[in-house]
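Q: I'd like to learn how to read charged pairs in a model. Can you walk me through it?

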Amino acid sequence: RYDQLWLWYKVYQEKLLEAEQFIQSLGISWKFVLAMLIVFLVRTFIPFLSVSAICVLTGVVLPSYWALIVNFLGIIIMMSIKYFEGMKFGSGNERARKIIESSGKVNKALLFALRLIPGFPLGSVSRIYGSLRFPYWQFILLSAAGFAPKLLSYTFMGTNVFDPLSSAFLVPLMIALTISGASLLCVNLIWLLVEKSASSSKKNKDN
């Protein structure tokens with residue numbers, strides 16, 4: 001069974017190599033860069049792909065340094081649009097808005113922690129912070145810093161997707177999974193503390 005599995009992987013790897021050579025033969029083009037930015041823009045309004053899948057795809061198509069730049073720009077575009085949308089039209093989630101703005105202050109640590117969670121809606125968080133009139137540049141810097149570990153992991157996974165058993169592919173995957181678990185625990189703890197603080201403040205006001 002091991003020999004059969006290894007033979008299958010060798011055949012699979014040859015197909016991956018052919019795909020890699022084909023992509024490399026296309027060369028670097030501004031059309032690819034523009035196309036991926038348009039994909040991010042469309043994804044802001046139509047959730048046809050996960051953000052992680054788009055970041056991996058960018059890593060597949062473009063060299064790592066270009067892929068990182070495009071992915072960061074794409075993420076910033078998405079978050080900015082939703083931020084200003086929230087500023088103009090509101091968040092649409094009053095309960096989450098009240099928790100984030102507990103004690104009259106917007107929770108910065110929660111923004112950073114929420115960006116760490118893979119799969120957590122980018123748009124919803126951005127709209128809430130926009131509706132709270134949280135300073136834009138603080139919002140972008142905290143969001144980018146929180147999203148950076150995931151973005152780096154997804155991009156390098158895409159860059160090395162043609163050798164899926166290599167450490168260059170597996171290490172970013174393990175980092176992304178570790179971040180997922182740790183960030184979920186952190187956000188859960190912060191959320192509980194914020195809710196507790198909000199309920200305490202409400203009780204004090206009622207008394």
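A: Sure. A salt bridge here is a side-chain nitrogen of Lys or Arg within 4 Å of a carboxyl oxygen of Asp or Glu. The general idea is that side chains of opposite charge can pair when their charged atoms come close. Keep in mind that this is a predicted model.

Q: How many salt bridges does a search of the whole structure find?
A: Two turn up. In one, arginine 127 pairs with glutamate 85, with the closest N and O atoms 3.0 Å apart. Arginine 127 sits in helix α7 (residues 122–131) and glutamate 85 in helix α4, so the pair ties together parts that are 42 residues apart in sequence.

Q: And which residue forms a salt bridge with lysine 82?
A: Glutamate 85 again, with the closest N and O atoms 3.3 Å apart. Both residues lie in helix α4 (residues 64–89), three residues apart, or about one turn of the helix. Salt bridges that share partners join Lys82, Glu85 and Arg127 into one network.

Q: Is lysine 82 buried or exposed?
A: Buried: the cut-off is under 20% relative accessible area, and lysine 82 has 13%.

Q: Now the helices themselves: at roughly what angle do the axes of α4 and α7 cross?
A: Roughly 45°, and the axes come within 7 Å. The two helices are therefore oblique to each other, and their crossing is right-handed.

Q: Which residues meet where α4 contacts α7?
A: From α4 they include Ile75, Lys82 and Glu85, and from α7 they include Leu122, Arg127 and Tyr129. The contact's residues divide into eight nonpolar, five polar and three charged.

How values were computed. Residues are numbered from 1 along each chain as its sequence is written. This is a predicted model: local features need pLDDT of at least 70, side-chain atom pairs count only at pLDDT 80 or more; totals for chains, interfaces and linings use all residues. Side-chain values use heavy atoms; hydrogens and water are left out. Helices (H or I, at least four residues) and strands (E, at least two) are DSSP runs, numbered from the N terminus. Buried means under 20% relative accessible area, exposed over 50%, partly exposed in between (1.4 Å probe, protein chains only). Axes are lines fitted to C-alpha atoms, for helices over the stretch in contact, and angles run from 0 to 180 degrees between N-to-C directions. Angles under 35 degrees count as roughly parallel, over 145 as roughly antiparallel, 65 to 115 as roughly perpendicular and the rest as oblique. A crossing is left-handed if the near helix is turned anticlockwise from the far one by less than a right angle, and right-handed if clockwise. Contact means heavy atoms within 4.5 Å. Ala, Val, Leu, Ile, Met, Phe, Trp, Tyr, Cys and Pro count as nonpolar, Asp, Glu, Lys and Arg as charged, and the others, Gly among them, as polar.
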